[in-house]
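Q: Please take a close look at one part of this structure, starting from a single loop, and then follow its connections outward with care. I would like the geometry spelled out along the way.

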Amino acid sequence: QVQLVESGGGLVQAGTSLRLSCAVSGRTFSSYTMGWFRQAPGKEREFVAARRWSGAYTYYADSVKGRFTISRDNAKNTVYLQMNSLKPEDTAVYYCGVDRTVGRVYYTDPLAADYGSWGQGTQVTVSS
């Protein structure tokens with residue numbers, strides 16, 4: 001069982017940066033894929049970024065490629081989402097989760113249904 005707790009959200013202006021954290025506890029495996037998703041009001045939860053718990057494999061949604069970076073600190077058991085050049089359309093509740101399929105390789109954006117062990121989420125609001 002994996003438990004996830006997100007933090008780091010807030011209200012920022014467009015063009016600025018924010019770093020989200022996802023603290024991981026419980027049982028983890030090197031082939032687990034950790035992901036960030038987001039959900040805006042009235043919209044479905046959408047994929048943002050993912051990386052393997054161990055190794056360098058990462059995958060990004062086109063909408064954030066070049067602006068967001070997902071990383072992890074194994075010593076702190078934490079996954080981060082560095083968000084630069086934020087836009088008002090990035091406003092959403094951000095969640096981290098674990099891919100239910102160990103070692104999956106992405107060719108398209110995964111669905112929220114592909115993930116589990118969601119945290120409670122952290123609100124990001126970007127003002128114009």
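A: In this predicted model, Ala113 belongs to the loop between strands E9 and E10. With a relative accessible area of 61%, Ala113 is exposed. Its C-alpha lies 26 Å from that of Gly10, and 103 residues of sequence separate the two.

Tyr106 is also part of the loop between E9 and E10, but its relative accessibility is 5%, which counts as buried. To see what surrounds Tyr106, it helps to begin with the aromatic rings, of which the structure holds 9 pairs. One of them joins Phe47 and Tyr59, whose ring centres are 5.9 Å apart and whose planes meet at 40°, a tilted arrangement. The two partners are 12 residues apart, with Phe47 in strand E5 (residues 46-52) and Tyr59 in strand E6 (residues 58-60), so this pair links distant parts of the chain. Phe47 is buried at 5% relative accessible area, and Tyr59, at 19%, counts as buried because the limit for that class is under 20%. Tyr59 also pairs with Tyr106: the ring centres are 5.5 Å apart and the planes stand at 70°, so this pair is edge-to-face. Because Tyr59 sits in strand E6 and Tyr106 in the loop between E9 and E10, the pair ties together parts of the chain that are 47 residues apart in sequence.

These three residues belong to one aromatic cluster, whose members are Phe37, Phe47, Tyr57, Tyr59, Tyr95, Tyr106, Tyr115 and Trp118. Two of the members also have a charged side chain over a ring. The charged end of Arg45 is placed over the ring of Tyr95, at 3.6 Å from the ring centre, and Arg45 also lies over the face of Trp118, where the distance to the ring centre is 4.7 Å.

Further along the chain from E10 comes a point of backbone geometry. Ser117 is located in the loop that runs from strand E10 (115-116) to strand E11 (122-127), and it has a positive phi of about 55° despite not being a glycine. Ser117 is partly exposed, at 34% relative accessible area. A comparable note applies to Ser85, a residue other than glycine whose phi is near 50°. Ser85 is found in the loop between E8 and strand E9 (92-99), and its relative accessible area of 40% makes it partly exposed.

That loop leads back to E8, and with it to a sheet. E1, E3, E8 and E7 form, in that order, an open sheet of 4 strands with antiparallel pairing. Strand E1 (2-7) and strand E7 stand at the edges and have a single partner strand each, so one side of each lacks a neighbour within the sheet. Averaged over the sheet and with direction ignored, neighbouring strands are turned by 20° against each other.

At one edge, strand E7 (residues 68-73) and strand E8 (residues 78-83) run antiparallel and are joined by 6 bridges, with Thr69 opposite Gln82. The hairpin made by E7 and E8 has 4 residues between its strands, and within it Asn77 takes a positive phi near 50°. At the other edge, E1 pairs with strand E3 (residues 18-26) in the antiparallel sense, again over 6 bridges, and Val2 stands opposite Gly26 there. Gly26, in strand E3, is in contact with Gln1 and Gln3 once neighbours within four places in sequence are left aside. The C-alpha atoms of Gly26 and Gln1 are 5.7 Å apart, although 25 residues separate the two in sequence.

The last residue of E8 brings the account to the nonpolar core. In soluble globular proteins, nonpolar side chains tend to be buried together. The largest core here has 34 residues, and the members that touch the most others are Trp36, Leu81, Met83 and Tyr94. Setting aside residues up to four places away in sequence, Met83 touches Thr16, Ser17, Leu18, Leu20, Arg67, Phe68, Tyr94 and Val124. Met83 and Tyr94, both among the core members that touch the most others, are thus also in contact with each other.

Technical notes:
Residues numbered from 1 in each chain as written. Predicted model: local features only at pLDDT ≥ 70, side-chain atom pairs only at ≥ 80, totals over all residues. Heavy atoms only, no water. Core = buried A, V, L, I, M, F, W, Y, C linked by side-chain atoms within 4.5 Å. Buried < 20%, exposed > 50% of the residue type's maximum accessible area, 1.4 Å probe, protein only. Contact = heavy atoms within 4.5 Å. Pairing = 2+ DSSP bridges. Helix = DSSP H or I, 4+ residues; strand = E, 2+ residues; numbered from the N terminus. Axes fitted to C-alpha atoms, helices over the stretch in contact; angles between N-to-C directions. Phe/Tyr/Trp six-rings, centres within 6.5 Å; stacked < 30°, edge-to-face > 60°. Lys NZ or Arg CZ within 6 Å of the ring centre and 35° of its normal.
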